[in-house]
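Me: Hello! I am new to reading protein structures. Could you take a close look at one part of this one, then show me how it fits with the rest, and explain the terms as you go?

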Amino acid sequence: MNESHQIAMSVPGIGEAGRTGDWRHEYPVITAEACLPVKSGRDSCQICWAHCPDNCITRGAPPIIDLYYCKGCGICVEVCPTHAIAMHPEAELGRGAL
Ligand code: SF4
Ligand code: SF4
C-alpha cells in the first residue's frame with residue numbers, strides 16, 4: 001500500500017521574539033580550529049545550526065552566530081561534538097558590539 005503522511009513542523013524564525021540578544025548573561029564563541037567543517041574542508045556537521053532555537057546561527061565553516069538575536073541558552077555548546085563552542089561572560093562584550 002502506498003500511503004503518504006504529512007507531519008506538522010515548527011521551524012524557528014530569527015527575530016520572532018524581538019531582540020533576544022538582550023536576554024544573555026553569556027555569549028557563545030566558536031573556535032574555528034576545532035570546528036569540523038573547518039577541519040575537514042567540507043560542508044559537514046552544522047549541528048549547532050540545526051539546534052539553535054532562535055535560528056541565529058548561519059551555516060558555514062565555521063558557522064556564524066548573530067549576537068543580536070542569540071539569547072545565550074547554551075544549546076549550541078551542549079550539542080557541538082568537538083566542543084568547539086564555549087560561553088564567555090557578557091561583560092567581555094561592549095554593548096556597542098550588538
Ligand atoms: S556543532 Fe561544532 S563542530 Fe559542528 S559546525 Fe557547529 S561549531 Fe562546528
Ligand atoms: S547560545 Fe547558541 S543555541 Fe542558544 S541562542 Fe545563542 S547561538 Fe543559538
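Reply: Let's begin at Pro-12, which counts as exposed because just 12 other C-beta atoms lie within 10 Å of its own. The rule behind that word uses C-beta atoms placed from the backbone: 20 or more others within 10 Å make a residue buried, 12 or fewer make it exposed, and anything in between is partly exposed. Before going on, note that this is a predicted model, in which local features need pLDDT of at least 70 and side-chain atom pairs count only at pLDDT 80 or more, while totals for chains, interfaces and linings use all residues. Residues are numbered from 1 along each chain as its sequence is written, and chains are lettered from A and ligands numbered from 1 in the order in which they are written.

Pro-12 sits in the segment before strand 1 (26–30). Strands here are DSSP runs of E with at least two residues, helices are runs of H or I with at least four, and both are numbered from the N terminus. Setting aside neighbours within four places in sequence, Pro-12 is in contact with Pro-53, Asp-54 and Asn-55. Being in contact means that two C-beta atoms, placed from the backbone, lie within 7 Å. Pro-62, by comparison, is 50 residues from Pro-12 in sequence and 21 Å away in space, C-alpha to C-alpha.

Let's follow the contact to Asn-55. This residue belongs to the loop between helix 2 and strand 2, and it is partly exposed because it has 15 C-beta neighbours inside 10 Å. Its phi is near 55 degrees, a positive value although Asn-55 is not a glycine. Most residues other than glycine have a negative phi, and most peptide bonds are trans. Pro-62 has a backbone feature too: the peptide bond from Ala-61 to Pro-62 is cis, with omega near 0 degrees. Pro-62 is in the loop between strand 2 (57–58) and strand 3.

Where else does a positive phi turn up? Cys-45 has one, of about 60 degrees, and this residue is not a glycine either. Cys-45 lies in the loop between helix 1 and helix 2, and it is buried because 22 other C-beta atoms lie within 10 Å. Ser-44 is found in that loop as well, but it is partly exposed, with 13 C-beta neighbours inside 10 Å. Leaving aside residues up to four places away in sequence, Ser-44 touches Leu-36 and Pro-37, and with neighbours left aside in this way Cys-45 is in contact with Leu-36 and Pro-37.

Cys-45 also brings us to a ligand. Around ligand 1 there are 15 residues, and the closest are Cys-35, Leu-36, Cys-45, Cys-48 and Cys-80; a residue is near a molecule if its C-beta atom, placed from the backbone, lies within 6 Å of it. Helix 1 (36–40) and helix 2 (47–51) are the elements that give two or more residues to this shell. The shell is made up of 13 nonpolar residues, two polar and no charged. Here Ala, Val, Leu, Ile, Met, Phe, Trp, Tyr, Cys and Pro count as nonpolar, Asp, Glu, Lys and Arg as charged, and the others, Gly among them, as polar. Ligand 2 has 13 residues around it, with Cys-52, Cys-70, Cys-73, Ile-75 and Cys-76 coming nearest. They divide into nine nonpolar, two polar and two charged.

Two of these cysteines, Cys-48 and Cys-76, return in the largest nonpolar core, which has 14 residues; Cys-48, Cys-56, Ile-57, Cys-76 and Ile-85 have the most contacts inside it. A nonpolar core is a set of buried Ala, Val, Leu, Ile, Met, Phe, Trp, Tyr and Cys residues joined through C-beta atoms within 7 Å. Beyond its neighbours within four places in sequence, Ile-85 is in contact with Pro-28, Val-29, Ile-30, Cys-48, Cys-76, Val-77 and Cys-80.

Finally, step back to the whole chain. The protein chain has three helices and four strands, running β-α-α-β-β-α-β from the N terminus. Of its 98 residues, 22% count as buried.
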